[in-house]
Amino acid sequence: MPAVVFSAESLTKTYVTGEAEVCALRGVDLEIPAGEVVVLLGPSGSGKSTLLNIMGGLDHATSGQLFFRGQELTSLDDRGLTAYRRQHVGFVFQFYNLMPSLTAYENVALVTEIADDPMRPDEALALVGLDARMNHFSAQLSGGEQQRVAIARAVAKRPDVLLCDEPTGALDSKTGIRVIEALLGVNAQFGTTTLVITHNASIQAVADRVLFFADGQISRIRKNEARRTAAELVW
Ligand SMILES: Nc1ncnc2c1ncn2[C@@H]1O[C@H](COP(=O)(O)OP(=O)(O)OP(=O)(O)O)[C@@H](O)[C@H]1O
Ligand SMILES: [Mg+2]
């Protein structure tokens, strides 16, 4: 039995803005075994990003409990969450947020210079197939290549979990497939537990587990007996 990396019990999140309250999470229970690729699907506003942000230590839950390898994240203050994020979490977002005036290598080095046990930037870029482009400025790279640099940047510190919020949202299908391939390659090589939010239902075929969101809750969980490779995807 693989270890459980995340477990949540009755997790809720209510945003309060002025007099308005929005219940973004209404009691989420889940268990994520270490090393899995998990895809999160669901309509806009159903709470996917809210859950991912809480799992990544970017935000606090309102009630309920969330554990990372048995450590309760929901009892940590901002300082504790920052330390957790630094040590354990890599993020990939829809927009790559690279520094345009730096090369691919330098963008990754920004992270490896402050991490405890990082890979070399060129090693991280090789993982996503971009070692030959490491001296190019990010402005000289395509959207898909920039996203792969962002993945290299996220994995260079050897995180235990990789949290991806619509990583292919801005990409066409061919480059999107290359990005999924890069994520699966990292998962295969390092066993990095990988969560991917997407609006593209075809991506669920590459997952071990699919979480379906509806109205602030997980309405269904599906376990895939066999995972597809990125090359088998069509969208
Ligand atoms: N910072 C915030 N302040 C107030 N309300 C918020 C905030 N962030 C999210 N919400 C609300 O919480 C609910 C869930 O939002 P969330 O971003 O988690 O949805 P999502 O499933 O990621 O949607 P999408 O697919 O559009 O990204 C929505 O009703 C949203 O408007
Ligand atoms: Mg979202």
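The legends below describe close-up views of a predicted model.

**View 1. The hairpin of strand 1 and strand 2.**
Strand 1 covers residues 4–17 and strand 2 covers residues 20–33. The two strands pair in the antiparallel sense, and 11 bridges join them. Together they form a hairpin, with 2 residues between the strands. One residue of the turn is Gly18, which has a positive phi of about 65 degrees.

**View 2. The open sheet.**
Strand 1 and strand 2 belong to an open sheet of 4 strands, in the order 2-1-4-5. The pairing in this sheet is antiparallel. Strand 2 and strand 5 (71–72) are the edge strands, and each of them pairs on one side only. Helix 1 (residues 48–55) packs on the sheet, where the helix touches strand 1, strand 2 and strand 4. The direction of helix 1 makes about 60 degrees with that of strand 2.

**View 3. Ser7 and its bridge partners.**
Which residues of strand 2 and strand 4 are the bridge partners of Ser7? In strand 2, the partner is Glu31. In strand 4, the partner is Phe67. Strand 4 consists of residues 63–68, and its antiparallel pairing with strand 1 runs over 5 bridges.

**View 4. Ser46, ahead of helix 1.**
Ser46 sits in the loop that lies between strand 3 (37–41) and helix 1. Is Ser46 buried or exposed? Its relative accessibility is 2%, so Ser46 counts as buried; the cut-off for buried is under 20%. A polar atom of the Ser46 side chain lies 2.6 Å from the backbone oxygen of Pro43. Apart from neighbours within four places in sequence, Ser46 is in contact with Ala24. The list of contacts also includes Phe213, Ala214, Asp215, Gly216 and Gln217.

**View 5. Thr103, ahead of helix 3.**
Thr103 is placed in the loop between strand 6 (89–93) and helix 3 (104–112). Thr103 is buried because its relative accessible area is 9%, and buried means under 20%. With neighbours within four places in sequence left aside, Thr103 is in contact with Met134, Asn135, His136 and Phe137.

**View 6. Thr103 and Lys174.**
This view shows two positions in the chain. How many residues apart in sequence are Thr103 and Lys174? They are 71 residues apart in sequence. In space, the distance from C-alpha to C-alpha between Thr103 and Lys174 is 24 Å.

Notes:
Residues are numbered from 1 along each chain as its sequence is written. Chains are lettered from A and ligands numbered from 1 in the order in which they are written. This is a predicted model: local features need pLDDT of at least 70, side-chain atom pairs count only at pLDDT 80 or more; totals for chains, interfaces and linings use all residues. Side-chain values use heavy atoms; hydrogens and water are left out. Two strands pair if DSSP finds at least two bridges between them. Contact means heavy atoms within 4.5 Å. Axes are lines fitted to C-alpha atoms, for helices over the stretch in contact, and angles run from 0 to 180 degrees between N-to-C directions. Buried means under 20% relative accessible area, exposed over 50%, partly exposed in between (1.4 Å probe, protein chains only). A polar contact is a pair of N or O atoms within 3.5 Å; within protein, one must be able to donate a hydrogen and the other to accept it, and residues adjacent in sequence count only if both atoms are side-chain atoms.
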